[in-house]
Amino acid sequence: MPFFSGNTDLYRFLWFQDGTETRKTFLHVPSAIEAEEAEEIGVEHLLRDIKDSTTTTLSTRVSEQLASLQGLQSRLRDIHGYILDVAAGTMPVNHQIIYHLQDALNLLPDLSDSVTTESFASSTNDQLLVVYLSSLLRSVIALHALVDNKATIGRAELEEGGDEKSKDKKTANGDAKKSEDTKKDGENGKDPSKKDADKGL
């Protein structure tokens, strides 16, 4: 008995002739993919260590940025080595590469300008403000959940304590009533065991 079953779309290529001309067509072939329970467990075991690309965490973002910076450093090192070789005359000048380098350098911002520096600082401060507010809001929500959890546990403990006190009170009242009945029977000069026997008769 298959544990997993899935329908698939399978087509077969053939030549079709309708009386006028012969043309290509595809014919649907009914098919299904089935797997036993042991096979599904094996597939799940293989897919367990595969990372989901749709979910990102802080560690994955940091590792991706670190890999990007390492790649940028490697490219800059290659460019630096090429320029040194051209300046030393050990490598001929490639004007296409020089044009691309010039375009890349022209796109760099002029950090000596105070307006540009203030714009970068303002943009960075705005981004950091959003991060700070998000962290603060997350902390407040976590504290609120912690307080709610503590209050719920306290109410549950109070309810359990009240139930135990009521049970103890009922038990004490029953014992006191029983002792009073025994005392009354003793005062009347009649043995409780004899009284029970008389009741049985």
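1. Just after helix α2, Gly89 adopts a positive phi of about 85°. The model in which this residue appears is a predicted one, and the points below should be read with that in mind.

2. The helix that precedes Gly89 can be checked for its length. Helix α2 has 31 residues, and at 1.5 Å a residue these should span 45 Å; the C-alpha atoms at its ends are 45 Å apart, so expectation and model agree.

3. As for the overall arrangement, the protein chain contains five helices and two strands. Read from the N terminus on, the order of these elements is β-β-α-α-α-α-α.

4. Which residues line the largest pocket? The lining is formed by Leu72, Leu76, Ile79, Ile83, Leu101, Ala104, Leu105 and Leu108. Two elements, α2 (58–88) and α3 (95–106), each give two or more residues to this lining, and α2 supplies the largest share, namely four residues. An α-helix has 3.6 residues a turn, so residues three or four places apart point the same way.

5. The character of this lining is uniform: eight of its residues are nonpolar, with no polar and no charged residues. The volume of the largest pocket is about 190 Å³.

6. How much of the protein chain counts as buried? Of its 201 residues, 2% do. The accessible surface comes to about 18,300 Å², and carbon and sulfur atoms account for 59% of that area.

7. A final point concerns contacts along the sequence. Among contacts between residues at least 6 apart in the sequence of the protein chain, 30% join residues at least 24 apart.

Definitions and conventions
Residues numbered from 1 in each chain as written. Predicted model: local features only at pLDDT ≥ 70, side-chain atom pairs only at ≥ 80, totals over all residues. Heavy atoms only, no water. 1 Å grid on protein atoms, 1.4 Å probe; cavity = no way out; pocket = protein on both sides within 12 Å on 5 of 7 lines; lining within 4 Å. Points joined across faces, edges and corners; volume = space filled by probe spheres on them. Nonpolar A, V, L, I, M, F, W, Y, C, P; charged D, E, K, R; others polar. Expected span 1.5 Å × (residues − 1). Buried < 20%, exposed > 50% of the residue type's maximum accessible area, 1.4 Å probe, protein only. Contact = heavy atoms within 4.5 Å. Areas by Shrake-Rupley, 256 points an atom, 1.4 Å probe, with all protein chains shown as cover.
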